Amino acid sequence: MSTTLHVIGSLMIDRVLRVPALPAPGETVMARSAAVHPGGKGANQAVAAARCGARVRMLGRTGSDGAFIVRELAAAGVDTACVMTSDAMSGFAAVMVADDGMNSIVIAPEANSRIGDADIDAFLTGAAPGDLLLMQNECSGLGHAVTRACEVGLKLWLNAAPMGDAVRQIDLGALSCLLVNEHELAALTGIGEPEAALDRLANAWPKLDIVVTLGAAGWIARVDGAPLSGRAIPVEAIDTVGCGDAFVGALAALRSEGMPWIDALTRANAAGALAATIAGAIPSMPTRDAIERVVARAN
Ligand code: ADP
């Protein structure tokens, strides 16, 4: 049974510089090219989920310079009625992508930090018990959203990215699913080895579903109390920006559909691999057809 996927999250203007190699501290390097793309983890994941076939609505805020991000969301089929404009500038992401596909990113949330408790309350009047609410850590209101989501009876998924104090203050017991990459997992647990860190978290929170993405090494998870893992699909990675968002958005969409974990994770892994083959974040979020073709080829 398919339900609506609700996303409370960020919209950003990604300003992307392609560089031969990421600069070391104090170093200045000449970019090969510069580009501006719509992005933000909330927007990326909303688009990924919509392209994967989910019915998606989003709460977020941009500045007046962010109308093109909202158009991109709407074009992907995301309900943007609750994406509002504020008088701050849009969220700003300074992204560097190196020739080997590795990236470094600095974000300034700006308008994304203007999401208020009243915005969240109004947005969640459109959610029904059992629906999935997906959040990340690039906008304000995380704590309030967790409280309200529990009151409404939503399944709360947190992609704890980027890791920060707002995430540490959340009662992980209130979540249904926690999604992190290996760096976020290490920051959250203080344990550098992902399997050991996942074990520690899973023992502390036995009812919490936990999914850890490992970049080109694939993913590991503890879902419904059982360990699962998968290798990444080999691709020629040209830009890994948005891989995690493609993975998380696709997984949320497919779980909203009621797909079993292993099938949904296999497709999320394909979505992440596909995102590595295309430049930009939103432009690289794959369609359901593309994901199914990759899964069929890999079997
Ligand atoms: P984030 O973007 O949040 O750091 P990861 O880098 O862990 O997330 O990537 C998320 C997922 O995308 C991985 O688990 C994998 O499925 C896929 N992925 C990322 N990089 C590659 C790659 N180089 N080749 C194939 N798949 C990749």
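A residue counts as near a molecule if one of its heavy atoms lies within 4 Å of it. On that basis, 16 residues surround the ligand in this predicted model. Below you'll find the ligand's surroundings, three helix pairs and two spots of backbone geometry.

**Around the ligand**
- Of the 16 residues surrounding the ligand, the closest are Thr-213, Gly-215, Gly-218, Gly-244 and Asn-269.
- Thr-213 also offers a side-chain contact: one of its N or O atoms there is 2.8 Å from a ligand oxygen.
- Asn-181 does something similar, with a side-chain N or O atom 3.0 Å from an oxygen atom of the ligand.
- With Gly-244, it's the backbone that takes part: a polar backbone atom is 3.0 Å from a ligand oxygen.

**Helices α8 and α9**
- Helix α8 covers residues 243-256 and helix α9 covers residues 261-275; their axes are 7 Å apart, at an angle of about 150°.
- Angles over 145 degrees count as roughly antiparallel, so that is how α8 and α9 run relative to each other.
- The crossing of α8 past α9 is right-handed.
- On the α8 side, the contact uses Cys-243, Ala-246, Phe-247, Ala-250, Leu-251, Leu-254 and Arg-255.
- Facing them from α9 are Trp-261, Ala-264, Leu-265, Arg-267, Ala-268, Asn-269, Ala-271, Gly-272 and Ala-275.
- Sorted by class, the α8 and α9 contact comes out as 12 nonpolar, two polar and two charged residues.
- Asn-269 turns up twice in this briefing: it belongs to the α9 side of this contact, and it is listed among the closest residues to the ligand.

**Helices α1 and α8**
- Helix α8 also packs with helix α1 (residues 41-51): the two axes come within 7 Å and cross at roughly 50°.
- That angle makes α1 oblique to α8.
- Here, too, the crossing is right-handed, with α1 passing α8.
- From α1, the contact takes in Lys-41, Asn-44, Gln-45, Ala-48 and Ala-49.
- From α8 come Asp-245, Ala-246, Val-248, Gly-249, Ala-250 and Ala-253.
- The class tally for α1 with α8 is six nonpolar, three polar and two charged residues.
- Ala-246 and Ala-250 of α8 serve both partners, as they meet α9 and are also part of the contact with α1.

**Helices α6 and α7**
- Helix α6 (residues 182-189) packs with helix α7 (residues 194-204) at about 55°, and their axes are 10 Å apart.
- This angle makes α6 oblique to α7.
- α6 and α7 have a left-handed crossing.
- Glu-182, Leu-185, Leu-188 and Thr-189 contribute from α6, while Pro-194, Ala-197, Leu-198 and Leu-201 contribute from α7.
- By class, that's six nonpolar residues, one polar and one charged.

**Backbone geometry**
- Most residues other than glycine have a negative phi, and most peptide bonds are trans.
- The bond joining Ala-161 and Pro-162 is a cis peptide, with omega about -10°.
- You'll find Pro-162 in the loop between β9 (155-159) and α5 (165-168).
- Glu-110 is a residue other than glycine with a positive phi, near 45°.
- Its place is the loop between β7 (103-108) and α3 (117-124).

Definitions and conventions. Residues are numbered from 1 along each chain as its sequence is written. This is a predicted model: local features need pLDDT of at least 70, side-chain atom pairs count only at pLDDT 80 or more; totals for chains, interfaces and linings use all residues. Side-chain values use heavy atoms; hydrogens and water are left out. Axes are lines fitted to C-alpha atoms, for helices over the stretch in contact, and angles run from 0 to 180 degrees between N-to-C directions. Helices (H or I, at least four residues) and strands (E, at least two) are DSSP runs, numbered from the N terminus. Angles under 35 degrees count as roughly parallel, over 145 as roughly antiparallel, 65 to 115 as roughly perpendicular and the rest as oblique. A crossing is left-handed if the near helix is turned anticlockwise from the far one by less than a right angle, and right-handed if clockwise. Contact means heavy atoms within 4.5 Å. Ala, Val, Leu, Ile, Met, Phe, Trp, Tyr, Cys and Pro count as nonpolar, Asp, Glu, Lys and Arg as charged, and the others, Gly among them, as polar. A polar contact is a pair of N or O atoms within 3.5 Å; within protein, one must be able to donate a hydrogen and the other to accept it, and residues adjacent in sequence count only if both atoms are side-chain atoms.
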